[in-house]
Amino acid sequence: METLASQPWIGGGPRLQDAALNQWMDSNRLNEACVYRVDTLVSVLSAVRSGMGLAVLPCYLADGDSDIVQLTDPIPELEYGLWFLMHPDLRGVVRIHALMDFLTEAIRAQKQRLAGPLLP
């Protein structure tokens with residue numbers, strides 16, 4: 001991690017509100033290396049593509065970009081669960097239930113892509 005800490009980093013701005021990421025960056029002394037802060041994951045991706053620095057990105061967002069190189073295995077402290085939320089009044093609606101079933105299976109089919117690959 002020391003080698004990575006010597007590089008310029010892209011960090012989250014105040015509107016990104018990712019406490020786990022902020023804590024992880026603090027504990028690894030990476031906030032000190034931030035040269036740019038942005039408020040959306042798409043902006044983080046854009047800054048990395050532009051060569052502004054290193055960043056933590058979700059695997060599903062960066063894996064498809066051949067210009068971005070994964071430097072570490074996925075970071076367990078930054079894993080998030082995925083939840084589907086709906087208004088309580090819609091729980092009994094058959095078409096909503098069918099949509100949730102479809103989305104659940106579609107997401108499960110992409111589990112490896114979402115979790116990200118381990119490095120060799």
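A residue is called exposed when its relative accessible area is over 50%, buried when that value is under 20%, and partly exposed in between. In this predicted model, Gln 17 has a relative accessibility of 66% and therefore counts as exposed. Gln 17 sits in the loop that links strand S1 to helix H2, and its backbone is worth a look, since phi there is near 45 degrees, a positive value in a residue other than glycine.

A second residue with a positive phi is found on the other side of the helix. Arg 29 belongs to the loop between H2 and S2, and its phi is about 55 degrees although Arg 29 is not a glycine. With a relative accessible area of 54%, Arg 29 is exposed, because the cut-off for that class is over 50%.

These two loops lead into the arrangement of the elements they connect. Strand S1, which covers residues 9-12, and strand S2, which covers residues 34-38, run parallel and are joined by 4 bridges. To find one point of contact between the strands, the reader can start at Gly 11, whose bridge partner in S2 is Arg 37. Helix H2 spans residues 19-27, and together with S1 and S2 this helix makes a β-α-β unit that is right-handed.

Strand S2 also brings us to the cysteines. Why does Cys 34 form no bond with Cys 59? The sulfur of Cys 59 is the closest cysteine sulfur to that of Cys 34, yet the two are 19 Å apart, which is too far for a bond, given that a disulfide requires a pair of cysteine sulfur atoms within 2.5 Å. Seen from the other residue, Cys 59 is likewise in no disulfide, with the sulfur of Cys 34 as its nearest cysteine sulfur, and the structure as a whole holds 0 disulfides. As for their surroundings, Cys 34 has a relative accessibility of 19% and so counts as buried, while Cys 59, at 14%, also counts as buried, because the limit for that class is under 20%.

The last feature to follow lies on the surface. Leu 41, Tyr 60, Leu 82, Phe 84, Ile 107 and Leu 114 make up a nonpolar surface patch of about 500 Å². One of these residues, Ile 107, lies in helix H5, which runs over residues 94-109. Ile 107 has a relative accessibility of 32% and therefore counts as partly exposed, a value that also passes the cut-off for patch residues, which is over 30%.

Technical notes:
Residues numbered from 1 in each chain as written. Predicted model: local features only at pLDDT ≥ 70, side-chain atom pairs only at ≥ 80, totals over all residues. Heavy atoms only, no water. Buried < 20%, exposed > 50% of the residue type's maximum accessible area, 1.4 Å probe, protein only. Pairing = 2+ DSSP bridges. Helix = DSSP H or I, 4+ residues; strand = E, 2+ residues; numbered from the N terminus. Right-handed = clockwise from strand over helix to strand, strands pointing away. Patch = residues over 30% accessible without salt bridge, like charges linked within 9 Å, V, L, I, M, F, W, Y side chains within 5 Å. Areas by Shrake-Rupley, 256 points an atom, 1.4 Å probe, with all protein chains shown as cover. Salt bridge = Lys/Arg side-chain N within 4 Å of Asp/Glu carboxyl O.
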